[in-house]
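This report describes selected features of a protein model, with attention to a sheet, a loop and two helices. The sequence and the structure are shown first.

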Amino acid sequence: MAPAGDERDRTVTGGASDRPVAVTEEGLPEWLEPVARAARTVAPEQLSRFLPPERGGRQSAVLILFGEGTHGPELLLMERAGSLRSHAGQLSFPGGALDPEDGDPDGDGLLRAALREAEEETGLDPAGVQIFGVLPRLYIPVSGFVVAPVLGWWRSPSPFHAVDPAETARVFTVPVADLTDPANRATTVHPSGHRGPAFLVESALVWGFTAGVIDRIIHFAGWERPWDRGKQVPLDWRS
């Protein structure tokens, strides 16, 4: 799946359903326009040094869902259950691997996967989500996933919750203002030596792939404020 290019409104068809999945910027709030612009212009290497291999990798998608809350623009996140064997307690976007019924990953399959996974994990109504862009696909080496970050506007918000407590501890929204607040930003240091951006919000640490994507969106949308990159948060070796 490629970025939206210069197209402001396109409809993708195919997959397991006859219903098209639209990608459109029509009616977006003004504050989201910089994010839509970034989706049309950003190059993969501007987002991450981990890019998909020429062959292999498991196709997947995440839904980066922006809404309007009581504290202004906000982003939907999940916290994984602490009892899970891998990535326990980590914060993430809703998402997961492409299923056969989602359709062609080079058609609208990844759009369908992002919406389906969000519904299965958070209980939200995908009918209220407007997909307005797709960032270039990225790679998570530790799991072998090739991930399409699908950008959504929560045009008609619906109730949400942790559908399966065995998998998800909670689902919540974070004000964008909290993510751009320099006081909430830090650099994680993994025992392997890898360093990456992090956010200290909602009594939790956002790091890894999720934090990296949020960091790049904030940067290319022009929302970034100077922050102390020397403020470090060490990660446990099991992370």
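Strands, as the word is used here, are DSSP runs of E with at least two residues, and they are numbered from the N terminus. The model under discussion is predicted, and the descriptions below should be read accordingly.

**The sheet and the helix across it**

An open sheet is formed by 4 strands in the order β13-β12-β11-β14, and its pairing is mixed. The edge positions are taken by β13 (204-206) and β14 (232-234), each of which has a single partner strand, so that one side of each is left without a neighbour in the sheet. Averaged over this sheet and with direction ignored, neighbouring strands are turned by 40 degrees against each other.

Strand β11 (residues 185-189) runs parallel to β14, to which 3 bridges join it. In this region Thr187 stands opposite Gln232, a residue of β14. Helix α5 (residues 208-220) lies across β11, β12 (195-201) and β13, and with respect to β12 this helix runs at about 85 degrees.

**The loop between β12 and β13, and other positive phi values**

The loop between β12 and β13 holds Glu202 and also Ser203. Phi is positive at Glu202, a residue other than glycine, and likewise at Ser203, which is not a glycine either. With regard to accessibility, Glu202 counts as partly exposed because its relative value is 33%, which lies between the limits of 20% and 50%. Ser203 counts as exposed, because its relative accessibility of 83% is over 50%. A positive phi is also found at Gly123, just after helix α3. The phi values are set out below.

| Residue | Phi | Place |
|---|---|---|
| Glu202 | near 50 degrees | loop between β12 and β13 |
| Ser203 | about 60 degrees | loop between β12 and β13 |
| Gly123 | about 75 degrees | just after α3 |

**Helix α3**

Helix α3 (residues 109-122) consists of 14 residues and reaches 20 Å from its first C-alpha to its last, close to the 20 Å expected at 1.5 Å a residue. Of the 14 residues of α3, 12 are buried, so this helix is largely enclosed by the rest of the structure. Among the buried residues of α3 are Leu110, Leu111 and Leu115, together with Ala113, Ala114 and Ala118. The buried residues of α3 also include Arg112, Arg116, Glu117 and Glu121, as well as Gly109 and Thr122.

Note on methods:
Residues numbered from 1 in each chain as written. Predicted model: local features only at pLDDT ≥ 70, side-chain atom pairs only at ≥ 80, totals over all residues. Heavy atoms only, no water. Pairing = 2+ DSSP bridges. Axes fitted to C-alpha atoms, helices over the stretch in contact; angles between N-to-C directions. Contact = heavy atoms within 4.5 Å. Buried < 20%, exposed > 50% of the residue type's maximum accessible area, 1.4 Å probe, protein only. Expected span 1.5 Å × (residues − 1).
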